[in-house]
Each structure stands twice: as C-alpha cells, then as structure tokens.
Amino acid sequence: MSRYSVFSLLRHAATGNRGWQRAWRAASPKASYDVVIIGGGGHGLATAFYLAENHGIRNVAVLEKGYIGGGNVGRNTTVIRSNYLLDGNTQFYEFSMKLWEGMSTALNFNVMFSQRGQLVTAHSADQLDTFTHRANVMRSNGIDAEILDREAVRKLVPYLDFSDTARFPIHGAIFQGRAGTARHDAVAWGYARAASGHGVDIIEGCEVTDFVRQGDRIIGVETTRGRIGAGRIGLAVAGHTSVLAQKAGLELPIESHLLQAFVTEPVKPLVDHVVAYGADHFYLSQSDKGGLVFGGNLDGYNSYAQRGNTGVLREVCEAAIALMPNISRLRLLRHWGGIMDMTPDASPIISLTPVDGLYLNGGWCYGGFKATPASGWCFAEMLATGETPALIRGYGLGRFRSGHMIDEAGAGPFAWLQ
Amino acid sequence: MLRIDCPCCGVRDHSEFRYGGDATAERPAHDNPDLDAWYRYVYVRANPKGLHREFWQHVLGCRQWLVVERDTVTHSIHSVSFSRRQRA
C-alpha cells in the first residue's frame, strides 16, 4: 500500500487522479484467525491496528455488519477532551489525548485533529468551585486546565449571552486548550487503511449471528458469510453489545439508549472552540463545512431505533438559544440518532469476561469517540496478553459487584439518568 | 414521539410521562441477604432488542405508574396497564 504524501498527491494530480487505490483491501473471510474483532467501528479498527503495530499479531479479522464508518463512529459530535475528574478516567483519557496528538502521523492519514480548545461554562459560584477542583485534579495529573472568570470568558467567546436577561448568567468557565475535534470518518478510514496495510482483513457486510463453542470455550463465530474460527474474540460493537453478549451467554449491566445530534445550515466562521453549557446538557462546535454541531441529552428510555424524536429536539434548541441567542434564526439542516451502551456509572467496560476466549469492549455511553485510540491500544494489549493493562484496571466488569464504580456522572445506578 | 394510551387519561404524548426503567427486574425481598440477587436487581439488564416491559409514570396526568410493553426498535406500543395489577 503506497504512502500518502505531498509527492503522491502531485504524482496523481499529474496523471489525472486516475491511479488512486482503495484505502483498504476488500477482504474475504479466511477459515480462521488468531484474533477476530466483532465491530468495525473506531474502537474495533483501532484495536486491530494496535494488535498489528504494537504486538505483531497480524492474522486478525475485523467483522463489520454494515460498512466502515456507518455506525457510531459516524454518528457522533467529534469532540475530543480529557477533562475528567475521577481516578481511572483522568489518566485514561489523557493517554487518549496524547495518542490523538500523534495520530495523523502514526496512521499516515489526516484525521484533521483540531485542538481548538473546549470550555465549559459555570453558572454559579458553587459550580465554578467544582470546576476549580476538577482543574486542580487535572493539573496534578499533568493535564492542561484553566479557570476563566466572567470577563475572560467574555473575551474568548463574546457571542454567548452575557446580557442582564440571560437565563443562567455566566460566572466563569473551565478551559482545556488541547481539547478539540477530529474528522470522525477519517479516524475510521485511517485506522482501517493502516490496519489493512499491516495485513489485517477488514470484512464489511459480515454480520455475526452466533458464537461457536467447544466445551466452555468460544472458538469462533457464525456469520452471514460463513463460519470463522478464532483464537480470541474481541467484542467492540457499540449499541449492540447486549444483543451479542446474550448470544455468548453473558448478562451485562448495560441498557441501550438513543442519543441525538443536530447540525445547522452552514455559516461563516463563528464558533472557534468547543463550547459546553454548564447549566444544561448541551454543547456545540462548528464543523469545517460551517454547520454548527449540537449535542444534548439522551432520549432516556431503552431504544435500538437509530432515529430521533422531537421532544429532545426542542430541549436542545432551547438550550442552544439560551446560551447563544444570536443563532436563533439558523435553520437546523438535519439530526440523527445513535444507540449508546449506557452503563450504570457512565464509565466504559473493557474487560475479561467469564466466557473463555471472549473479551469485551463496550459500555462507552456517549463518550466513546474521544477514547478511540486509547481504547484500541488497551484492548489490543488485553487481547494480545490475556491480561488487564494497568491503565484500564478500573473498567472491569467486576466493579459493579464490588462497588468500585467510576461514577463521573454522579447519577446513580440507572442508565437513563446518566 | 411515543404516544402512550394511559388507562386513566387516554392517549397522551410521552413527554407527559416519566420513564421508570425495566419492569421485569425482580426486587429481592427486603431482608434477603443474597448480594448476588441485589446486584442483579440493581445493575443487570436483559436490554432486549424487541419487546420490552417498562415502567412509566404519568406525572403530568393521573400520576399512576404504568407498565408499558413497547418494541425498542419500532417504538410501537403493544400494551399499557396499571403497574399495581402486575404483581399479586
């Protein structure tokens, strides 16, 4: 597979751009692999890449039931940050941030990682206190964080509502300058291309329908393209983790919920950062095409339907206009829904399982995109060694039984509250 | 938007209701010392893709707790009943 470079760009330009090859090989399933990864989203593809890159395991297949980039990796709001408070999350997401910073080079694929900075507004003195606590924890872990007062926020993002009639007046904000966004499709395509270049088979249109057992051990999968044997199986299927885990006889602390996102018509550059609204669950950024991208709350009841409903649409637009009144006349172009694996403590599950041969990577709630590289890195290590890497020791399945939860959302053991 | 046919008030938008979670999770007896039973009640969910029995409360109407049988893929609602009639 030829490398992308300015020279390849010029060479293809000079020959009419007729020589470009597909970004990754269209592979057909072999009879068996050392590792089979179910789910060709960001996490599955990253896992396959790091298995080959870090551990030299190249006899690997990624099975995707649809097409690469068509699942949750293409259904998010692309925000990347590492402003976490709790031990376990803090270090993991900062590790992920460092991988993001080198990703385009590592993959030889421009993922358009843009460290535009993210701020979360505080709307009371108490909230600013909790943000200060968070910033201190971040800084003690070597993560950049700043606390801004009202005037500093106003200077940075003057278009927010600083008037006397603001619904929730802005007291200040927590700011992480290294946070930002990336081109989500490019992340999937970049990992797919780099993994494929290492010999990984990426098999699209291949749905796993069941597991093949030998005694207590799972030794392969039944798919819509035949039986595939596997030394180890990694499950990385956001949204449908429960459906597949059930086929393997695994009961999980996961509920599937719908999360919607929204894009306005394109406008000239207006929002230079990622802005999150501390008075509600709402955040926005501006895409490279100019559309404002919004995210909001879960629909909050069990759902596998990848489509929205208007109740949340209204709530999100109310929050948008309360924060930024000058966008009230923008039209929303489209919105979409993705299915989230919600866990009771809003933290992911990357874990060994009671089923021999099966490894689990799921339960990302709505924060899976920013975790893509670290999740793949750690899950690859787990699949290669059969051990739990230190960085994800807090994300084991056993934490719900033992009470060692990482409850960043602080919302209790009910998934629809997260 | 879901439309829930409340047995008291008739068909209403789901924005009048509050979701109360999985109605199939069995609460262990109050004095049950079995930690595994409590773990399963609090955390483990079947999370079916298809028919799901779940609690909703009609907070902006009659305030009754209901058990709704709903398809989690199509959102079609198959039955609605008072939750107090569910268990003997």
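# Notebook: strands, helices and two odd phi values

A:A61 stands opposite A:D201 in β8(A). I started from that pair, keeping in mind that this is a predicted model.

**Entry 1: around β2 of chain A.** I followed the link from A:A61 outwards and found 3 bridges joining β2(A) to strand β8 (residues 201-203), with the two running parallel. Next I looked up the pairing with strand β1 (residues 32-38), which is also parallel and has 4 bridges to β2(A). One contact I noted there is A:I38, whose bridge partner in β2(A) is A:L63.

Then I checked the side chains of β2(A), residues 60-63. Which way do they point, and are they buried or exposed? A:V60 and A:V62 point one way, A:A61 and A:L63 the other way, and all are buried. Buried here is a matter of relative accessible area under 20%.

I also traced the path from β1(A) to β2(A): with helix α2 (residues 42-55) they make a right-handed β-α-β unit.

**Entry 2: the helices packed on α2(A).** My next stop was α2(A) and its contacts with helix α7 (residues 184-197) of chain A. Their axes lie 8 Å apart and the packing angle is about 30°. The two helices are therefore roughly parallel to each other, and α2(A) passes α7(A) in a left-handed crossing. On the α2(A) side I listed A:L45, A:A46, A:A48, A:F49 and A:Y50; on the α7(A) side, A:A188, A:Y191, A:A192, A:A194 and A:A195.

For helix α10 (residues 372-385) of chain A, I found that its axis and that of α2(A) come within 7 Å and cross at roughly 55°. That angle makes α2(A) oblique to α10(A). The crossing of this pair is right-handed. Residues of α2(A) in the contact include A:H43, A:A46, A:Y50 and A:N54, and among those they meet on the α10(A) side are A:P373, A:W377, A:F379 and A:L383. I was pleased to see A:A46 and A:Y50 in the contact with α7(A) and again in the contact with α10(A).

**Entry 3: a glycine in a loop.** I looked up A:G71, which lies in the loop between β2 and β3 (79-80) of chain A. A:G71 is partly exposed, at 28% relative accessible area. Its C-alpha atom is separated by 9.1 Å from that of A:I339, although the two residues are 268 apart along the chain.

**Entry 4: the sheet of chain B.** In what order do the strands of the open sheet run? I read it as β3-β4-β5-β6, 4 strands with antiparallel pairing. β3 (18-22) and β6 (77-82) stand at the edges with a single partner strand each, so one side of each has no neighbour in the sheet. Neighbouring strands are turned by 30° against each other on average, direction ignored. I zoomed in on one pairing: strand β5 (residues 65-71) and β6(B) are antiparallel over 5 bridges, and B:V68 stands opposite B:V80 there.

**Entry 5: positive phi.** Most residues other than glycine have a negative phi. I noted two that do not. A:C365 has a phi near 50°; it is found in the loop between β18 (358-362) and α10 of chain A, and at 8% relative accessibility A:C365 counts as buried. B:N47 also has a phi near 50°. Its place is the loop between α1 (35-42) and β4 (51-57) of chain B, where B:N47 is buried with a relative accessible area of 1%.

Terms used
Residues numbered from 1 in each chain as written. Chains lettered and ligands numbered in written order. Predicted model: local features only at pLDDT ≥ 70, side-chain atom pairs only at ≥ 80, totals over all residues. Heavy atoms only, no water. Buried < 20%, exposed > 50% of the residue type's maximum accessible area, 1.4 Å probe, protein only. Pairing = 2+ DSSP bridges. Right-handed = clockwise from strand over helix to strand, strands pointing away. Axes fitted to C-alpha atoms, helices over the stretch in contact; angles between N-to-C directions. Parallel < 35°, antiparallel > 145°, perpendicular 65-115°, else oblique. Left-handed = near helix turned anticlockwise from the far one by under 90°. Contact = heavy atoms within 4.5 Å.
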